[in-house]
Each structure stands twice: as structure tokens, then as C-alpha cells.
Amino acid sequence: TTVSENFGYDVTGYCYYLEDGVEEDNILSYNLAAHIHPVSNIIATEGGSQTMDIFSQSIDLILPADVTPAGFYLTNLHNGIIGNAVSGGWACYSLPVLHSPIG
């Protein structure tokens, strides 16, 4: 599958999301993710440091990672990631380590 030349703007949560870890050999190229917001009213802020509080699942926060949304959430790096851009959010890419697929 190729996802190319798309524009995600004013997004709540992650913009481009490969979730289960089984997604392979896809191409994500020249996409833009901009003005990204956390899913809940809980926002991860630590004044620019590299550490932060630990967030757990709750009624207000179903997925703890939602306090740190990124333009791209990629659980498997066996995909082509070419020329994408992100403005806003916690980080450009979220690359969680899955020791085995979850889907």
C-alpha cells in the first residue's frame, strides 16, 4: 500500500497510524501532519526535559500514549518512510518497540 502526498491538519491524536506491527512493505511518502492535539485533556508537559510522568489507562485516558501524539505512529520499521514532514504534536515519529505483533 502507498500513502502519498496527503495533508493531515488540526488532528486529534496520531495522524498516520500503523498499529499492530504486522504492517510491512508499505510506502508512506511526502505526507504532512500539522497542528496535532492530544486526545484527552491530560497533556504531557515537562518544560522541555527528556523525562515525564508515567501515564496509565483510565476513564479519561484510554491509551496512555495519547498524551504524546505524533504525526506518525509506526510499530514496524519494515516500511518505506520517505520525505514526510510534521509540525506540532509531541514528536514527529512515535516508534514503540513491539516484541511481537499485537494484531
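**Exercise 1. Find what the side chain of N76 holds on to, and place N76 in the chain.**

Step 1. Start with side chain to side chain: N76 makes a polar contact with the side chain of E24, at 3.3 Å. Keep in mind that you are working with a predicted model.

Step 2. Now look for a backbone partner. The side chain of N76 also reaches the backbone nitrogen of H78, at 2.9 Å.

Step 3. Place the residue. N76 sits in the loop between β6 and β7.

Step 4. List the neighbours. Leaving aside residues up to four places away in sequence, N76 touches G21, V22, E23 and E24.

Step 5. Is N76 buried or exposed? The relative accessible area of N76 is 10%. The cut-off for buried is under 20%, so N76 counts as buried.

Step 6. Add a distance through space. N76 and D25 are 51 residues apart along the chain, and their C-alpha atoms are separated by 9.7 Å.

**Exercise 2. Work out which backbone nitrogens the side chain of N79 reaches.**

Step 1. Locate N79: you will find it in the loop between β6 (70–74) and β7 (80–82).

Step 2. Take the backbone nitrogen of D25. The side chain of N79 reaches that atom at 3.3 Å.

Step 3. Take the backbone nitrogen of N26. A polar atom of the N79 side chain lies 2.9 Å from that nitrogen.

Step 4. Widen the view to contacts. Not counting residues up to four places away in sequence, N79 touches L18, E23, E24, D25 and N26.

Step 5. Check the accessibility. N79 has a relative accessible area of 11%, so it is classed as buried.

**Exercise 3. Describe D25, then look at the backbone of Y30.**

Step 1. Where is D25? D25 belongs to the loop between β3 (16–18) and β4.

Step 2. Is D25 buried or exposed? The cut-off for exposed is over 50%, and D25 has 64% relative accessibility, so D25 counts as exposed.

Step 3. Inspect the backbone. D25 is not a glycine, yet it has a positive phi of about 60 degrees.

Step 4. Link back to the previous exercise: the backbone nitrogen of D25 is reached by the side chain of N79.

Step 5. Turn to Y30, in the loop between β4 and β5. Y30 is not a glycine either, and has a positive phi of about 55 degrees.

**Exercise 4. Describe the nonpolar surface patch and the place of Y93.**

Step 1. Name the members. L77, I81, Y93 and L95 form a nonpolar patch on the surface.

Step 2. Give the area. Together these residues have about 350 Å² of accessible area.

Step 3. Pick out Y93, which is found in strand β9. With a relative accessible area of 32%, Y93 is classed as partly exposed.

**Exercise 5. Compare the settings of V67 and S100, and give a C-alpha distance for each.**

Step 1. Begin with V67, in the loop between β5 (32–37) and β6. V67 is buried, since its relative accessible area is 4%.

Step 2. Measure out from V67 to W90 in the model. These residues are 23 apart along the chain, with C-alpha atoms separated by 8.3 Å.

Step 3. Continue with S100, in the segment after β9. Here the relative accessible area is 47%, so S100 is partly exposed.

Step 4. Go from S100 to D20. They are 80 residues apart along the chain, and 9.1 Å separates their C-alpha atoms.

**Exercise 6. Put the chain as a whole into a few figures.**

Step 1. How many helices and strands are there? The chain has 0 helices and 9 strands, so reading from the N terminus the elements run β-β-β-β-β-β-β-β-β.

Step 2. Consider burial. Of the 103 residues, 34% count as buried.

Step 3. Consider the surface. The accessible surface comes to about 6400 Å², and carbon and sulfur atoms account for 53% of that.

Step 4. Consider sequence separation. Among contacts with a separation of 6 or more, 67% are between residues 24 or more positions apart.

Step 5. Finish with confidence. The mean pLDDT is 81, and 75% of the residues reach 70 or more. Confidence is highest in strand β4 (residues 27–29), at 97, and lowest in strand β9 (residues 91–94), at a mean of 85.

Notes
Residues numbered from 1 in each chain as written. Heavy atoms only, no water. Helix = DSSP H or I, 4+ residues; strand = E, 2+ residues; numbered from the N terminus. Buried < 20%, exposed > 50% of the residue type's maximum accessible area, 1.4 Å probe, protein only. Contact = heavy atoms within 4.5 Å. Areas by Shrake-Rupley, 256 points an atom, 1.4 Å probe, with all protein chains shown as cover. pLDDT = per-residue confidence, 0-100. Polar contact = N/O pair within 3.5 Å; in protein donor to acceptor, adjacent residues only side chain to side chain. Patch = residues over 30% accessible without salt bridge, like charges linked within 9 Å, V, L, I, M, F, W, Y side chains within 5 Å. Salt bridge = Lys/Arg side-chain N within 4 Å of Asp/Glu carboxyl O.
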